[in-house]
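Work through the exercises below with the sequence and the structure open beside you. Try each task before reading its solution.

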Amino acid sequence: MTYSEASMDSLRQTGDELADAVVATLFERGEVGTFNSLMRYVSTAGTPLPDGLPEVAREYLQATSVPPAWVDWGEMEKARLFFIDNNVYISTALSFAAMPACYVVPHVAKLLSATHGLNYPSKRMAETGQFTVYLMQPDAFEAGGRFIPAAQKVRLLHASIRHHLKRENRWDSEAHGTPICQEDMIGGQLFFSLLVLDSLHRLGIHMSTEGAEAYYYAWRVVGAILGVDQDAVPRTLEEARQFQDLYMLRHMGPSDEGAHLTRQLIDLYEEVVPGTFFDPIVSALVRYLIGDTCADWLRVPRTAWDSVVKTAPTLLGVLETIEDRSPLGAWALDRLGHLTTIFELSSLTRGRVMHYAIPEQLKKDYGVTGAVPRTHRWTPPAPTVTP
């Protein structure tokens with residue numbers, strides 16, 4: 001599949017027809033509050049839907065209660081094992097590369113500030129971390145698993161954001177297309193898959209081609225469940241690379257919202273790091289994983305740790321050697337990775353379960369006011385991808 005400016009422009013005009021129709025009906029009938037209240041207690045697959053649930057929501061939940069028929073469960077199991085083997089590195093890449101990458105796309109940063117607030121980055125981080133943990137559980141898609149209900153709610157959450165921004169005339173559709181459009185949904189899917197794999201490579205983590213492809217495949221399945229058009233999504237890592245390169249050339253650049261969200265993210269993780277001596281490693285790790293250009297756009301501070309983190313591949317190489325040569329060492333490191341991931345998630349959630357609900361309204365003022373100096377939009381060079 002080949003992507004071009006024209007094909008990407010087309011993807012900017014499309015949202016998620018199914019979820020958009022459900023959300024529009026819920027708002028039209030004044031049933032959003034009822035839906036949120038009743039669905040708060042539906043967190044595992046196979047749970048009977050509660051009485052009183054709006055009929056349009058019931059039909060949606062029944063229609064989206066199972067994964068696509070084309071899912072290869074052998075590949076999904078490979079992806080789960082890949083995650084177990086690399087969970088601490090994947091969590092690091094999600095936190096310090098994938099999230100900042102979202103912020104380096106100005107219209108995405110503006111949208112995130114509208115939906116979660118500039119002062120509450122932990123909510124989005126906790127929701128993303130919990131979502132990923134749900135995905136990589138052995139029972140993710142079975143009765144009792146938490147992933148499918150979470151994905152169903154996130155899909156409606158995205159549709160509600162489109163609903164609010166369009167209805168309240170708070171989105172420049174002519175300039176940016178549909179909010180949370182197909183292009184942005186695919187772009188986000190690649191940030192959490194391809195960019196994570198790139199970050200693992202940068203950290204010096206040795207991966208098999210089979211494992212990397214399975215991890216990417218799992219996020220393709222996630223995209224399908226979240227309403228991504230499977231006729232447009234890249235099928236292979238090579239196609240994904242082409243899409244991501246063109247997407248970033250089209251949209252990446254500095255913004256006040258992006259810089260502010262990044263500052264909040266750094267502050268958040270500095271609170272998680274014990275003491276203060278190691279605080280600068282958070283900024284250094286972000287800069288190392290996303291590169292100096294993007295880090296400068298997001299105003300990530302330079303620190304004395306910038307050179308230190310470059311030795312990470314060497315240190316991780318030693319750990320991998322221990323893992324390869326000792327079954328006990330491999331078990332201990334996998335267990336340590338699991339505990340580290342759980343600790344990070346519990347720190348972000350404060351021990352609570354994050355609930356994915358349809359917001360009945362968005363923040364009224366989602367601009368940055370005085371916190372970060374304004375910059376001009378970066379104009380990307382002409383893309384070199386062949387139409």
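The exercises go from the whole chain to single helices, pairs of helices and single residues, and the model they use is predicted.

**Exercise 1. The whole protein**

Task: Find how many helices and strands the protein has, and what share of its residues count as buried.

Solution.
Step 1. Count the elements: there are 18 helices and 0 strands.
Step 2. Turn to burial. The protein has 387 residues, and 56% of them count as buried.
Step 3. Look at how contacts are spread along the chain. Among contacts with a separation of 6 or more, 80% are between residues 24 or more positions apart.

**Exercise 2. The nonpolar cores**

Task: State which residues touch the most other members of the largest nonpolar core, and which helix gives the most to this core.

Solution.
Step 1. The largest nonpolar core holds 93 residues, and Phe131, Phe141, Phe147 and Phe191 touch the most other members.
Step 2. Helix H5 gives the most to this core, with 15 residues.
Step 3. Apart from this core lies another one of 17 residues, including Phe35, Leu53, Tyr60 and Leu61.
Step 4. Take Phe147 as an example. Leaving out residues up to four places away in sequence, Phe147 touches Phe131, Tyr134, Leu135, Ala140, Phe141, Val222 and Ile225.

**Exercise 3. Helix H8 and the residue after it**

Task: Compare the span of H8 with the expected span, then decide whether Asn169 is buried or exposed.

Solution.
Step 1. H8 has 21 residues. At 1.5 Å a residue, a span of 30 Å is expected, and the distance from the first C-alpha to the last is 30 Å, close to that value.
Step 2. Of the 21 residues of H8, 18 are buried, so H8 is largely enclosed by the rest of the structure.
Step 3. H8 is followed by Asn169, which is found in the loop between helix H8 (147-167) and helix H9 (173-176).
Step 4. Asn169 is not a glycine, yet its phi is positive, about 55°.
Step 5. The relative accessible area of Asn169 is 67%. Exposed means over 50%, so Asn169 is exposed.

**Exercise 4. A second positive phi**

Task: Locate Arg299 and classify its accessibility.

Solution.
Step 1. Arg299 is found in the loop between helix H16 (292-297) and helix H17 (312-325).
Step 2. The phi of Arg299 is positive, near 55°, and this residue is not a glycine.
Step 3. Arg299 has a relative accessibility of 28%. The range for partly exposed lies between under 20% (buried) and over 50% (exposed), so Arg299 counts as partly exposed.

**Exercise 5. How H5 and H15 cross**

Task: Describe the crossing of H5 and H15 by its angle and its handedness.

Solution.
Step 1. The axes of H5 and H15 come within 9 Å and cross at roughly 65°.
Step 2. Angles of 65 to 115 degrees count as roughly perpendicular, so H5 is roughly perpendicular to H15.
Step 3. The crossing of H5 and H15 is right-handed.
Step 4. On the H5 side, the contact is made by Thr92, Phe96, Ala97 and Pro100. On the H15 side, Val282, Leu285, Val286, Leu289 and Ile290 take part.

**Exercise 6. H10, H13 and Leu190**

Task: Describe how H10 and H13 pack, then place Leu190 within this contact.

Solution.
Step 1. The axes of H10 and H13 are 10 Å apart, at an angle of about 115°.
Step 2. The crossing of H10 and H13 is left-handed.
Step 3. Among the H10 residues that meet H13 are Ile186, Gly187, Leu190 and Phe191; the H13 residues they meet include Ala240, Phe243, Gln244 and Tyr247.
Step 4. Leu190 has a relative accessible area of 0%. Buried means under 20%, so Leu190 is buried.
Step 5. Not counting residues up to four places away in sequence, Leu190 touches Leu195, Tyr216, Ala240, Phe243 and Gln244.
Step 6. Leu190 and Tyr216 are 26 residues apart along the chain, and their C-alpha atoms are separated by 8.3 Å.

**Exercise 7. Helix H11**

Task: Name the buried residues of H11 and the helices that cover them.

Solution.
Step 1. In H11 (residues 194-202), the buried residues are Leu194, Leu195, Val196, Leu197, Ser199 and Leu200.
Step 2. The cover over these residues includes H5, H10, H12, H13 and H15.
Step 3. Gly204 follows H11 and has a positive phi, near 85°.

How values were computed: Residues are numbered from 1 along each chain as its sequence is written. This is a predicted model: local features need pLDDT of at least 70, side-chain atom pairs count only at pLDDT 80 or more; totals for chains, interfaces and linings use all residues. Side-chain values use heavy atoms; hydrogens and water are left out. Helices (H or I, at least four residues) and strands (E, at least two) are DSSP runs, numbered from the N terminus. Buried means under 20% relative accessible area, exposed over 50%, partly exposed in between (1.4 Å probe, protein chains only). Contact means heavy atoms within 4.5 Å. A nonpolar core is a set of buried Ala, Val, Leu, Ile, Met, Phe, Trp, Tyr and Cys residues joined through side-chain atoms within 4.5 Å. The expected span of a helix is 1.5 Å times one less than its number of residues. Axes are lines fitted to C-alpha atoms, for helices over the stretch in contact, and angles run from 0 to 180 degrees between N-to-C directions. Angles under 35 degrees count as roughly parallel, over 145 as roughly antiparallel, 65 to 115 as roughly perpendicular and the rest as oblique. A crossing is left-handed if the near helix is turned anticlockwise from the far one by less than a right angle, and right-handed if clockwise.
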